Amino acid sequence: MTSSFTDRLLGRVKLTGWVSLAAPLLAILFAAVVTSIVLSLTGNPVLDTFVTMVDYGSQPRSLVLILNYATTYYLSALAVALGFRMNLFNIGVDGQYRLAGLVAAAVGGAVTLPAPFHPILIILVAMLVGAAWAGIAGILKATRGVSEVISTIMLNTIATGLGAYLLAEWAVPIAGGNNIGTTPIAASGHVPGVALVPGSSLKVFGLIFLAVAVGIGFHVLLNKTRFGFDLRATGRSEQAAVASGVNVKRMVVYAMLISGGMAGLIGMPQLLGEAYSYSLNFQAGLGFTGIAIALLGRNNPVGIAFGALLWGFLDVSSNILDLHKISPEIVTIMQGVIVLSVVIAYELAHRYSVVAEQKRVSRELAGAAPTPEKEGAAA
Amino acid sequence: MIPTGPLGTLTQEASISTETTVSEVAVQLEGITKRFPGVVANRDIHLTVQKGHIHAIVGENGAGKSTLMKILYGMQRPDEGEIRVNGTPVTFHTPGDAISAGIGMVHQHFMLADNLTVLENVILGSEPKKGGLALDFAAARTKIRQISDAYGLGIDPDALVEDIGVGARQRVEILKVLYRGARILILDEPTAVLVPHEVDELFDNLHGLVREGITIIFISHHLDEVLKVADAITVIRRGTTVAEVNPEGVTARQLAELMVGSELPSPETRESTVTDVVALEVEGLTMAAGTWRPIPKGTPASFYMDRMRQEGGRLLLADVSLTIHKGEVLGIAGVEGNGQAELVEAIMGMRPAAGVVRLDGVEITDWTTLRRRDAGIGYIPEDRHRHGLLLEAPLWENRILGHMTEKVNVRGWWINRKGARADTQRIVDQYDVRTPGIDVFASALSGGNQQKLIVGREMSGEPKLLIAAHPTRGVDVGAQAAIWDHLRTARAAGLAVLLISADLDELIGLSDWLKVIHRGEIVAEFDPATVTPEQLGSAMTGAGEEA
């Protein structure tokens, strides 16, 4: 079908393909503009700052770091996205992964198993703890109608307190400082890194492959299975799902369990690839980063992968800014603006493509089979 | 102000007419016409409401009452015609304009914040200011007391809304409108949510209001109530005013006939396909408004109903029993909101209810919705956008919706994408769904084509029972005929159909037997071949009790 510029302008042709790509790019561009304004207002060189960031961020050492950051971010965002696809707001990913990481590290430190089974056990424990913690919110929602937003936020706080208590109970001092942590996991439980990036001695987390597998699993589960269909149907229209015989309450519990299980994985690349012990400086707040990246990636495994890499790049390259006497918080501003503008851009693109599709259909019908009776106008 | 409205210009169909009085005219509508794409909602409406009267507007659902009231309240603008308030021609762009002209509306569903007090609810949106910033609660409280005393509403401004009863809430709604200076009140179905003694209280209040010079426009289809309270009655049918009658000289039956029309469509002569094999059996289905409490199995519905009534609850369904045979279409007639939706949802297992449901002799009362669908119940929901479709999903995914266990759609745990797509194409071809393909979103199709897709989907998998709720609502004439044909064909093939409709053409044209539902009860049943409009109208509006 040939279409003129006005056709495209007035939405007479389907533009979903490039609109869905253009929306995030425009949003990132917009965020860059806002950041530029902030930079110039604070008296910093705009162009130099960006060039410095890109320069630093593209060095082999930085690339490894970006991949490692992105691995955890990716898992976190997938955990959030699974809930989002069903209109469930699992704000509690943060508490779920921290508690899961702590218990899994403690179990991993306490036992010794042959190599392949040791890390598998630790990962399974983490998933179980994450799922159980998220499951509380799921059961509360299904049985008592408690909003999962409220309950997961509260569970986050409880997880922080419970974590501190458990850590104090199980902790041993870590050599070479005043840090405390769980008993280090024996070598049999480590997942060795892989040298993916030439030119750097740093290694990429071995569990990056697990993250990729989870991404593929996410896609398959949602798009190829009956469970995924029920889940997406519930997310699109709960009433239609009920009328179609989907047991929405059960779906809520299952979705929370799966989301929590995935959240349990978030701490694993770090724990099994580098730290080997859950200590006071175990990274916190990843669950909230995951929410931002899930929005950025439109709850789609491929989109989230790009979002996670972008986030990793921004985080890593912000490290150089201090040396140039520029506040690294500029990157936080940029991340915030990206999320906001992406959400708005997606909404606009979405409305646009719905209207465009309707116009396209009526146009194609009118063109293909001109019906004598007045059809479509009345209905 | 001098009354200017010429009276007696009404299209008179009934022999009874009001005398032209010398009293003032509060509202006059002249030749109001409102068109929506493809339909004329109001056509040449004439209405004259005297000041200080309770003027009732009666008509079936879909007759155009709501549109007319929306026009009068500034929510919609008429395409033609003139509105005069107190003799002055007015043009309303928003409800705000109507309020400043002294017209207020009390909606059927209350719009009150439960966690605020009466006072806070009343002033919400028109707060009296003190010194520019602070709220002047004292002045508001005094004003509310004054209004409440003047009209005998008996409202305590400091009570929490969640603590007061339904009748009192309605009086708060009325007070809210009076507070804003309205002298003309539109009440939309005010008795729908009330129990009988509250209705009487409301009528006392309404009489109190008119004594003080307030004019009331009262919309209802409960004819007994209308006759009891109204000073004048206007009947609307198919979008236009067909008669203005004086309640003194008319019976509920005559009014019902005016509402329904004097001629019913004649059922098509055709072979009966009704067999003596029972497909669906419903016994004593009972559902209360509000929260549902389980009752012990085997407890008769009457016991449950008595208990509910003692507690002052309202029953949405009261002891409904029905039987549908294979090859039979059972039509449920009734004014909307009398329990039809609840009946369907109870049979589908979407809402808990007391009573017994059997499909093909097997009790399915405790089954989930999916299991019921699986066992062979097809369901064409009343609201296809909310219950029947995933609007933002492609057609082939909509084919799977509600049929997640059918072989063509799934293989074990997996979605059978190929099978579902092929079967969607079959439906598109067989049911003449006009679409460029099966990958477009359902939202892109016209209403008629969406409905044809749903009908095709629900007919597949050889259902034993089809529940069709308003199957041709909002679809064009071509699609309507096609859907009726499909229903007839399926019926001939032995399908049992429960048909719920507000369209008498549809009900009489398709049904083998008619039952009438009113306030959650089956109040009458008729053979569609012999039923008269008078009988049907009386039963639907609850006017037939005395005969």
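Which residue in S16(B) does B:Glu281 stand opposite? Select B:Glu281 and look across to S16(B): the residue there is B:Arg358. This is a predicted model, and the tour below goes through it selection by selection.

**Stop 1: the sheet around B:Glu281**

Widen the selection to strand S13 (residues 278–288) and strand S16 (residues 354–359) of chain B, which are antiparallel and joined by five bridges. Now add the neighbouring strands. The result is an open sheet of four strands in chain B, in the order S14-S13-S16-S17, with antiparallel pairing. Strand S14 (315–325) and strand S17 (362–363) of chain B are its edge strands, each pairing on one side only.

**Stop 2: strand S11 of chain B**

Select residues 232–237 of chain B. This is strand S11, and it is mostly covered, with six of its six residues buried. In a regular strand, side chains alternate between the two faces of the sheet. Show the side chains here: B:Ala232, B:Thr234 and B:Ile236 point one way, while B:Ile233, B:Val235 and B:Arg237 point the other way.

Next, bring in the partners of this strand. Strand S3 (residues 54–58) of chain B pairs with S11(B) in the parallel sense, over four bridges. To find the register, select B:Val58, which stands opposite B:Val235. Strand S12 (residues 240–245) of chain B runs antiparallel to S11(B), with five bridges between the two. Here the pair to pick is B:Arg237 and B:Thr240, which stand opposite each other.

S11(B) and S12(B) form a hairpin with two residues between them. Click on B:Arg238 in the turn; its phi is positive, at about 45°.

**Stop 3: salt bridges within chain B**

Side chains of opposite charge can pair when their charged atoms come close. Over all chains, the whole structure holds 30 salt bridges. A few in chain B are worth selecting one by one.

Start with B:Glu342 and B:Arg351, whose closest N and O atoms are 3.9 Å apart. B:Glu342 is buried, at 15% relative accessible area, whereas B:Arg351 is partly exposed, at 31%.

Move to B:Lys464 and B:Asp360, a salt bridge with its closest N and O atoms 3.5 Å apart. B:Lys464 lies in the loop between H15 and strand S21 (465–469) of chain B, and B:Asp360 in the loop between S16 and S17 of chain B, so this pair ties together parts that are 104 residues apart in sequence. Both ends are partly exposed: B:Lys464 has a relative accessible area of 31%, and B:Asp360 one of 29%.

Then select B:Asp432 and B:Lys452, where the closest N and O atoms of the salt bridge are 3.8 Å apart. B:Asp432 is in the loop between helix H14 (417–430) and H15 of chain B, and B:Lys452 is in helix H15 itself, so the bridge ties together parts 20 residues apart in sequence. Are the two ends buried or exposed? B:Asp432 is partly exposed, at 37% relative accessibility, and B:Lys452 is buried, at 4%.

Finally, select B:Arg399, B:Glu406, B:Asp423 and B:Arg426 together. These four residues are linked in a network of salt bridges.

**Stop 4: where chain B meets chain A**

Show both chains. How many residues does each chain give to the contact? Chain B gives 41 residues and chain A gives 32 residues. The area buried between the chains is about 3100 Å², and carbon and sulfur atoms give 59% of that area.

Two salt bridges are counted between the chains. One to select is A:Arg236 with B:Glu397, whose closest N and O atoms are 2.9 Å apart. There are also ten residue pairs in polar contact between chain B and chain A. On the chain B side, the elements that give two or more residues are helix H11 (369–374), helix H12 (384–388), helix H13 (395–400), strand S20 (414–415) and helix H15 (447–459). Coloured by class, that side of chain B has 20 nonpolar, 14 polar and seven charged residues.

**Stop 5: a buried glutamate in chain A**

End at A:Glu148, in helix H7 (residues 148–170) of chain A. A:Glu148 is buried, with a relative accessible area of 5%. Its side chain reaches the backbone nitrogen of A:Phe89 at 2.8 Å. Beyond residues up to four places away in sequence, A:Glu148 touches A:Asn87, A:Leu88, A:Phe89 and A:Lys141.

Key:
Residues are numbered from 1 along each chain as its sequence is written. Chains are lettered from A and ligands numbered from 1 in the order in which they are written. This is a predicted model: local features need pLDDT of at least 70, side-chain atom pairs count only at pLDDT 80 or more; totals for chains, interfaces and linings use all residues. Side-chain values use heavy atoms; hydrogens and water are left out. Contact means heavy atoms within 4.5 Å. Buried area is the accessible area (1.4 Å probe) that two parts lose on being put together, summed over both. A salt bridge is a side-chain nitrogen of Lys or Arg within 4 Å of a carboxyl oxygen of Asp or Glu. A polar contact is a pair of N or O atoms within 3.5 Å; within protein, one must be able to donate a hydrogen and the other to accept it, and residues adjacent in sequence count only if both atoms are side-chain atoms. Ala, Val, Leu, Ile, Met, Phe, Trp, Tyr, Cys and Pro count as nonpolar, Asp, Glu, Lys and Arg as charged, and the others, Gly among them, as polar. Buried means under 20% relative accessible area, exposed over 50%, partly exposed in between (1.4 Å probe, protein chains only). Two strands pair if DSSP finds at least two bridges between them.
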